[in-house]
Structures are given as structure tokens and as C-alpha cells.
Amino acid sequence: MSNPTIAIVGSGPIGSTYARVLLEQVPNARVVMFEAGPQVTEVPGESVRNIADPGEKARVTEGMFTARQGTHLLDFGGAGSAHASSFPTAAAATNVGGQGAHWTCATPSPAFSEKVPFIADEEWDGLIEDAKQLLHVHSAAFADSAVGEAIRTLLDEEFGAELPEGYGVGTLPVAGDPQPDGSVRWAGADVVLGPLIDKDSPLSKQFELRDLTLVRRVELDGHRVTGVTVEDLRTGEKSFVAADIVVVAADAFRSPQLLWASGVRPQALGHYLTEHPVVISTVALDAERMGRYATEEDLKAELARRALNPADPVAAVNRIPFSEPEHPFSVQVMYTETTPFPMEPGTPYSENRWGYVNMGYGMRKHPRYEDAVTFDDNEPDYRGFPNMRIEYALTERENAEIAEATERLRRAGKALGAFVAEPRLMPNGSSLHYQGTMRMGETDDGTSVADPWSRVWGYNNLVVGGNALIPTATAMNPTLMSVAIAVRGARKVAEELGSQSA
Ligand code: FAD
């Protein structure tokens, strides 16, 4: 096909992966990316965590119904709000770069049964490597931090003997570029887009990003997509943009909503919703225990590094990865010199000299048809789309894993110091890792929305992307896995468009 047009809905890491891989493999293509939200950083899609000035940062992350920084609740309670009482903290980001402008950049790889069972291990490993490159994943960020090392050693004393070889306590891989001064420039959709937003690159001539442009409908002629109807949110003007391929990467709730609104309604659409139940706590690090493995000088060096960008919440990050069968949890342990909540001066462990760790266990939710977002044609939401209703429940299986994780979190806390925030289970929806609502499958048996190359079953030129594609029960942060799945999908599209290099 000569000069094909590809329309991409959503400018987060996944839409950006499609844009990048497709333009690199089909350089005569034209990619138009539509984003409902505004561009909030100078470089499109950059992580707002790179903004050092706290005032400026607050300006770009504040939202009307703010949930976690930079996101807004789906069930905000006003006119046109979604209904999600069993999943109350479901949230989304609406800006160039999507949630990827606000994310923590944790990028562990899927392991054991987290992986997609019908993608062979060898191919999978290659896809993960490609995804790491696209996201600038760095496996040893802050590895030189002696404070981080001391935390790892204490955790290893507690848990090391129980963990399988290769899956012990370690540093958490993160997406970002270490800087000479010891800080990190965090990665967002900007690094994934790479040459597409570099004016000196010829690929940038083939790429157009339209912010504040809402895709209202994917247009179809039978089972072929013909383009998208978009609304310019600055002027209210609606128009049709013809496209040879449409990629919908508009998050795990709004992508299925857009398909539903467009009349694409596979049986599994919106169903099999999973996320990560999360148990979190904050622990004041014990001076005597930390002092066994780190010196006062080490602490001073860590505090000096933190002072470089006090608005950045991420310092030394450790983890215990998911492994099976004994450790189906993803554990994240993040050093911080202050608590994430105010502490009354003079109360025990306020102004703790050795600082704190924010520590969380992420767990699995096993997919079930009945955990779902459904859409109501008779009730428009605040943007005029069929409104969402989310039904979701934890089962005995999840509750048993949550109890076990909580027990382990207590052990970890005791090994490191004293709890200043006791372990607690966050409300459903808190993880921001929403998966399964457009799951991929090996066969079109009604339990999946997309084929193994992310094309909606029966619609060869309609491709979907994002965490919603993940069909398995996972505990790890999902973005790296979703980028890997998107690389595979994009290569397939490129191959079909007649690329020589696919
Ligand atoms: P998104 O990034 O959500 O982007 C989707 C975009 O589509 C949005 O910008 C939205 O405005 C746009 N859109 C929606 N509907 C339309 C429409 N109709 N027309 C046009 N545009 C539309 N993941 C990890 O793996 N590790 C982490 O450490 C991590 N930490 C996180 C911390 C925070 C605070 C947050 C908010 C998220 C975190 N995540 C993390 C999740 C991660 O950000 C997401 O997995 C990732 O951004 C998903 O990428 P995406 O492109 O699929 O969707």
C-alpha cells in the first residue's frame, strides 16, 4: 500500500509505541495521533516528574477530580459520572502522554504465568528487550546508593532463604536516563516517540499529534475500518479523518467504551477486568539496623542527592519480584526522606534521621467474566459516550493472597524498623493497573477481544493496545509488558502494509 494513513487514538506509551514502530518500519506512512487532553509539558509526553519546580509541577498535575497525582476519578459523583462503587478509585489521565506522564516508571518484566501463554519464550524475550529500549529501562537506577543497599541487605536477611535463585531482593528496574549528577530523567511517551518529535528527523514529517482532539467514533464499512470521527475540543468542530488502520490505545476503560460506541461489541469487551490489589505501609528506618550496613556519610550523600530534585518522590527503589509458586507478589520498597503524609512534630518517628520506606505488595486478581465495565446506550456520560458501570469483587482466592502478603509486609516492616503507617489494603481501583478488558486470545472463542497480534477479532484493520490486552493474572507493573505486546502488534501491521524490514 502506498502512503498509508494510520490513526492512533491516545498518546500514552502504547499509542506512542505504535507510532514509533510503524513509522520506523513503514517510513512512507503517515501517522496521526489524536489525544483528548492538552499538552502539559514543553516536550510532548514528557514525565511531569522531571519538572523540578514544585509550583509548576502542581500546576500541570492538578485536576478537577484528582485521584493520584495527574489523574481524575471515573466515578467522580457529578452529572455524567461513571458508576463504580465496587471499584471506587478507578482513575484516568487525560493529557498528552496519558498516565505515562505521571507514572512511577517501575518496569519489571513479566515472569512465570504472568506472560502471555501463546507467545513463545524466545520471541517474548526479544519483545521485552525491544520494549526496554523504547522505554529507556535502566535496571540499576540508584544501585550505587549505600542506603538502598542497606535496605536490600536487611530484607535479604529476612526473606533471602525463602526466595528462588534469581528472584531475590534486588533493585527495581525503572524507565529513565541516569544523569551525571546522580538524578534520573524519567521516561514518558516522549522517549518512546523519540525521532517522531525530533524536528531534525525525517520521521517527524510523517507524524502529527493533535491534542485536545477527542475521537468520538471509529467509522466502519462492514468489518473494515474507514477512519475516525473526531471533535476538536477547542472549537467543537467535528470532522472525519480517513485511515487505512486505526489503533485504539485510549486506556482500559475508554478504549472499550469507544469500541462499544462505534458498534464493535465482542462478547468479552469490558469483561475479565483485573488490577492489582495493593497493601501498602510506611516504615521509619531503624538507625541501629541501618547503621550496620551504611554510615552517616552514606546517609548524607543520599540526602544530598534527594535535595537535587525534592519534588521527585522516587529515590532508591528496591523490590522483590514475582515468582512461582511461593512468592506470587510484586514488592516495591521505595526510600524517602519524608513521609507521604504530615506527621505532628514530636510524635514517635517524626523527622526520623534515617528516613522512611514506602513499601507495597502488589497481588494478583484472577480473571472472571463478571468483573467488568459495561456501557449503557441510554445514559450518556459527561462526554456523551455510553456511560460506564464497573462491577468488581475480590474472591476467597484473592483474599487468601492478600492475607499472606499482609503478613509478609509486617515481617518486612519489622526487619527495617517501625511502622508509621500500618499495612492496609487500598480500595479497589487504586493500582491504576487496569487489565483484561480487551484481552488477547489464541482463538476467537468469546473469551477474548483481540487476536494474538492485537487486532480485534473479525476486524483486520482495527488494532487495540494497552494493559487491557493482558489476559493473565499478573502482579507486576504492566506497562513494559503492554509495550512488548504493542511492538508485536505494530510489526504485524507493518508486515501487512508491505514493509520489507518487518
Ligand atoms: P494511557 O497512558 O492511559 O494513555 C491513554 C490516552 O488516551 C490518555 O492520554 C487519554 O486522554 C487518551 N484518550 C482516551 N480516550 C480518548 C479519545 N476518545 N480520543 C482521544 N484520546 C483519548 N505503570 C507501570 O508499569 N509502572 C509504574 O510504576 C506505574 N506507575 C504509575 C503511577 C501513576 C501515578 C499512574 C497514573 C500510572 C502508573 N502506571 C505505572 C500505569 C502506566 O502509566 C500505564 O500502564 C500506561 O500509561 C498505559 O499506557 P497507555 O498508552 O495504554 O494508556
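What is the handedness of the crossing of α4 and α9? In this predicted model, the crossing of these two helices, α4 and α9, is right-handed, and the details of their packing offer a convenient way into the structure.

Two packed helices are described by the angle between their axes together with the distance between those axes. For helix α4, which covers residues 146-159, and helix α9, which covers residues 396-416, the angle is about 130 degrees and the axes lie 9 Å apart. Because angles over 115 and up to 145 degrees fall outside the parallel, antiparallel and perpendicular classes, α4 counts as oblique to α9. On the α4 side the contact is formed by I151, L154, L155, E158 and F159, and these meet R408, R411, A412, A415 and L416 of α9. Sorted by class, the residues of this contact comprise seven nonpolar and three charged ones, with no polar residue.

The spacing of these contact positions can be read against helix geometry: an α-helix has 3.6 residues a turn, so residues three or four places apart point the same way. Helix α4 itself has 14 residues and reaches 20 Å from its first C-alpha to its last, close to the 20 Å expected at 1.5 Å a residue. The buried residues in α4 are V147, G148, A150, I151, R152, L154, L155 and F159; among them, I151, L154, L155 and F159 also belong to the contact with α9.

A second helix pair involves α1, residues 13-25, and α10, whose axes come within 9 Å and cross at roughly 35 degrees. Here too the crossing is right-handed, with α1 passing α10. From α1 the contact draws on P13, I14, T17, Y18, V21, L22 and Q25, while α10 contributes T479, S482, V483, A486, V487, G489, A490, R491, V493 and A494. In terms of class, the contact of α1 with α10 holds 11 nonpolar, five polar and one charged residues.

Helix α10 deserves a closer look in its own right. Its 18 residues, 479-496, should span 26 Å at 1.5 Å a residue, and the end C-alpha atoms are indeed 26 Å apart, so the expected and modelled lengths agree. Helix α10 is also mostly covered, since 15 of its 18 residues are buried, that is, under 20% relative accessible area. Just after α10, G498 adopts a positive phi of about 90 degrees.

That leads to the backbone of the loops. Most residues other than glycine have a negative phi, and most peptide bonds are trans. Against this background, L212, which is not a glycine, has a positive phi of about 45 degrees; L212 sits in the loop between β9 (207-210) and β10 (213-221), and its relative accessible area of 23% makes it partly exposed. E351, likewise a residue other than glycine, has a positive phi near 50 degrees. E351 is located in the loop between β16 and β17 (356-362), and at 67% relative accessibility it counts as exposed. A cis peptide bond, with omega of about 5 degrees, joins E324 and P325, and P325 belongs to the loop between β15 (317-320) and β16 (330-336).

Finally, A79 lies in the loop between β3 (72-73) and β4 (91-92), where its relative accessible area of 73% marks A79 as exposed. Although A79 and P380 are separated by 301 residues in sequence, their C-alpha atoms are 9.8 Å apart in space.

Note on methods
Residues numbered from 1 in each chain as written. Predicted model: local features only at pLDDT ≥ 70, side-chain atom pairs only at ≥ 80, totals over all residues. Heavy atoms only, no water. Helix = DSSP H or I, 4+ residues; strand = E, 2+ residues; numbered from the N terminus. Expected span 1.5 Å × (residues − 1). Buried < 20%, exposed > 50% of the residue type's maximum accessible area, 1.4 Å probe, protein only. Axes fitted to C-alpha atoms, helices over the stretch in contact; angles between N-to-C directions. Parallel < 35°, antiparallel > 145°, perpendicular 65-115°, else oblique. Left-handed = near helix turned anticlockwise from the far one by under 90°. Contact = heavy atoms within 4.5 Å. Nonpolar A, V, L, I, M, F, W, Y, C, P; charged D, E, K, R; others polar.
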